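Dear colleague,

I am passing on the structure below, together with some notes on what came out of going through it. Please read the notes with the model open beside you.

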Amino acid sequence: MSNEDFQPFLRFKETPRTTRISQGDEWDVDIRRANKGKRNLLHTPPKNKGWLGNPHRITEEEDTKWDICLHCNEKHTRQEAVRLYEELLRAKLRFDSEFMVEFEKLYGKTLKCDCSRKQLCHGDAIIKILEEREKQSERGSPS
Ligand SMILES: [Zn+2]
Ligand SMILES: [Zn+2]
């Protein structure tokens, strides 16, 4: 067997994990809301500024500027806001095939948000779902 036979496997092994960062400029995709929050997962075509932003704002934190989530008129802890985002994202992936195609391209990319690495972030929901889908495709879908 020649070395070439192993190359696709090696290339796969070297695929970087999807990660997120809060500082510096070495990133691929900005996952923050845009246009004062009006552009977010629900109101933005794929790849436009804000398309992965969380419509649910975190309100229950000391340094937050927001009293209430403008999307649902309720207050959210960080955990709630991320959980609600995960639900929205799963629903969107089921019903929006154009979005799904662009979403899957995020695998292995570095995502940019303002949350620190230690804070739970909607980027963690993105990474979780990407990794789930990657595992499913490795197993191969039954036809
Ligand atoms: Zn909300
Ligand atoms: Zn974040």
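Which residue just after α4 takes a positive phi? The residue is G140, where phi is about 85 degrees. Before going further, please keep in mind that this is a predicted model, so I begin with how far it can be relied on by its own confidence values.

The mean pLDDT of the chain is 86, with 87% of its residues at 70 or more. Among the elements of the chain, α2 has the highest mean pLDDT, at 97, whereas helix α1 (residues 7-13) has the lowest, at 45. Over residues 1-14 the pLDDT stays under 50, and for this stretch the model has zero contacts beyond four places in sequence.

As to the overall layout, the chain contains four helices and three strands, which follow one another along the sequence in the pattern α-β-β-α-α-β-α. Of its 143 residues, 23% count as buried, and among the contacts with a separation of 6 or more, 53% join residues that are 24 or more positions apart.

The three strands form an open sheet in the order β1-β3-β2, and their pairing is parallel. β1 (19-21) and β2 (29-30) stand at the edges with a single partner strand each, so that one side of each is left without a neighbour in the sheet. Between β1 and strand β3 (residues 110-112) there are three bridges in the parallel sense, and T19 has T110 as its bridge partner in β3.

Turning to the helices, α2 (residues 78-95) has 18 residues, which at 1.5 Å a residue should span 26 Å, and the distance of 26 Å between its end C-alpha atoms agrees with this. Its buried residues are A81, V82, L84, Y85 and L89. They cover an arc of only 160 degrees around the axis, and therefore lie on the same side of α2. The other side of α2 has Q79, E87, R90, A91, R94 and F95 exposed, while α4 (122-139) is included in what covers the buried residues.

A similar description can be given for α4, which also has 18 residues and reaches 26 Å from its first C-alpha to its last, close to the 26 Å expected at 1.5 Å a residue. The residues H122, G123, A125, I126 and L130 are buried in α4. Because they cover an arc of only 155 degrees around the axis, they are on the same side of α4. What covers these buried residues includes β1, α2 and β3, whereas the face turned away from the buried side carries E132, K135, E138 and R139, which are exposed.

Lastly, the interior. The largest nonpolar core has 16 residues, of which Y85 and I126 touch the most other members. At least two residues of this core are supplied by each of α2 and α4, and the largest share, five residues, comes from α2. Leaving aside residues up to four places away in sequence, Y85 touches N54, H56, H122 and A125.

If you look at one part only, I would suggest the contacts of Y85 with H122 and A125, read together with the buried residues of α4, which include H122 and A125.

With best wishes

Definitions and conventions
Residues numbered from 1 in each chain as written. Chains lettered and ligands numbered in written order. Predicted model: local features only at pLDDT ≥ 70, side-chain atom pairs only at ≥ 80, totals over all residues. Expected span 1.5 Å × (residues − 1). Buried ≥ 20, exposed ≤ 12 C-beta atoms within 10 Å, placed from the backbone. Arc of directions from axis to C-beta. Contact = placed C-beta atoms within 7 Å. Pairing = 2+ DSSP bridges. pLDDT = per-residue confidence, 0-100. Core = buried A, V, L, I, M, F, W, Y, C linked by C-beta atoms within 7 Å.
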